[in-house]
Each structure stands twice: as C-alpha cells, then as structure tokens.
Amino acid sequence: MDDRTGQYDGGAYAAAKNWAKAFYRTIGKIWSPALNDYVYFTAEGFWHLIFKGKRLRAKSDQGQRFIFLKHVPIILADRTAKPLAELKGSSHYWIFEALHEGFKVKTIVRQGKNGRKYFVSVYGKKQKSVP
C-alpha cells in the first residue's frame, strides 16, 4: 500500500488480505479477562473487515483494518482493559480502546443471541504526538 495515497498497487492488496485471513484463522477464540469470557472469531467477523453492511469497503479501509488486526488478540487479552459497554436494540457490544505502536486501536465485540461473544471489527488511527 502506498502510504501517501492509501492505494494498493499490484498484488499488495491480495497479499494483505491473504495474510489477514491466515492470521484470523489462527486466532479461533481468545479469553478476555475484562469480559470474563471467550471472544470467538467467526467468518462474520472477517467478513465485516471487508464489507460494511452489504457494501464493499474501499481497499484502503480494508487494508487498514487488516493491519490493525494484529493488535486485537493483545487488546482482548489485556487484564487491565476496561471496555465501554453499549446496548443497541437487543445486542450487547463492548468497545476496547488501546494505544499500540503509535495508534489508537478500537476493537468491537458483540454478544450473540446464543450468549457467545464474538469479534465484530477493528479500526484505528494514528495517535497525535503531544508537544
């Protein structure tokens, strides 16, 4: 990905997506001390990195989410994490926010109707340095 334009060239997008998919498959589930439960990594979670609703995300947006994905297991397993809980309709969500490698990374977890908690999304932005 070209850092100046946020655009992918050649096979860079395919390589990033393949890496993310392989990494995602290795996760399976993670114990989250903050939730006192496992967070499962399902096909729906990976699909959400690529789509928003039924609309395909821009490749630059997907690429950023692929990059932030490596932080998710660390964030969820952090014993000091204090996620923000939200109730939207009948769904429970938790938003984990952490600083990693100069980025503010947010990870979203949702509790399904079956009671299981699962990864929904990750995104982030460069943290501004304080003078």
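This passage describes the fold, the strand pairing and the side-chain interactions of a predicted model.

The chain holds 4 helices and 8 strands. Read from the N terminus, these elements follow the order α-β-β-α-β-β-α-α-β-β-β-β, and the series thus ends with a run of four strands. As for overall dimensions, the C-alpha atoms occupy a box of roughly 40 × 40 × 30 Å along the principal axes. The radius of gyration is 15 Å, which agrees with the value near 14 Å that a compact globule of 131 residues would have. Buried residues account for 37% of the 131 residues. Of the contacts between residues at least 6 apart in sequence, 46% join residues at least 24 apart.

A convenient place to begin a closer look is strand β6 (residues 91–100). In this strand 7 of the 10 residues are buried, so the strand is largely enclosed by the rest of the structure. Strand β6 has a partner on either side in sequence: it runs antiparallel to strand β5 (residues 84–88), with 5 bridges between the two, and antiparallel to strand β7 (residues 103–111), with 9 bridges. In the first of these pairings, L87 stands opposite H92 in β6; in the second, F96 stands opposite T107 in β7. Both hairpins have 2 residues between their strands, and a positive phi appears in each: near 65° at G89 in the hairpin of β5 and β6, and near 50° at E101 in the hairpin of β6 and β7.

T107 in strand β7 deserves a moment of its own. With a relative accessibility of 0%, T107 counts as buried, because the threshold for that class is under 20%. Beyond its neighbours within four places in sequence, T107 is in contact with V72, I75, L76, W94, I95, F96, F119, S121 and V122. F96 thus appears both among these contacts and as the residue opposite T107 across the strand pair.

Turning to charged side chains, the count comes to 7 salt bridges. One of them joins D37 to K117, with the closest N and O atoms 3.1 Å apart. This pair links distant parts of the chain, since D37 belongs to strand β2 (residues 37–40) and K117 to strand β8 (residues 117–126), 80 residues apart. The two partners differ in their surroundings: D37 is partly exposed at 23% relative accessibility, whereas K117 is buried at 9%.

Further salt bridges involve residues of the hairpin strands. K106 and E97 meet at 3.3 Å, N to O; here K106 is partly exposed at 25%, and E97 is partly exposed too, at 48%. E86 pairs with K88, the closest N and O atoms being 3.8 Å apart, and E86 is partly exposed, with a relative accessible area of 28%. K88 has a second role to note, for K88 also lies over the face of Y93, at 5.5 Å from the ring centre. Elsewhere, R57, D61 and R65 are linked in a network of salt bridges.

The aromatic side chains complete the picture, with 11 aromatic pairs in the structure. W31 and Y38 form an edge-to-face pair, with 5.1 Å centre to centre and 75° between the planes. Both members are partly exposed, W31 with a relative accessible area of 38% and Y38 with 32%. Y38 pairs with Y40 as well, in a tilted arrangement of 6.4 Å centre to centre and 50° between the planes. Y40 in turn has a charged group over its ring: R116 lies over the face of Y40, at 3.9 Å from the ring centre.

A separate description applies to Y13, Y24, F41, F46, F66 and F119, which form one aromatic cluster. F119 ties this cluster back to the strands, as F119 is also one of the contacts of the buried T107.

Technical notes. Residues numbered from 1 in each chain as written. Predicted model: local features only at pLDDT ≥ 70, side-chain atom pairs only at ≥ 80, totals over all residues. Heavy atoms only, no water. Phe/Tyr/Trp six-rings, centres within 6.5 Å; stacked < 30°, edge-to-face > 60°. Buried < 20%, exposed > 50% of the residue type's maximum accessible area, 1.4 Å probe, protein only. Lys NZ or Arg CZ within 6 Å of the ring centre and 35° of its normal. Salt bridge = Lys/Arg side-chain N within 4 Å of Asp/Glu carboxyl O. Pairing = 2+ DSSP bridges. Contact = heavy atoms within 4.5 Å. Rg over C-alpha atoms; globule rule 2.2 N^0.38 Å.
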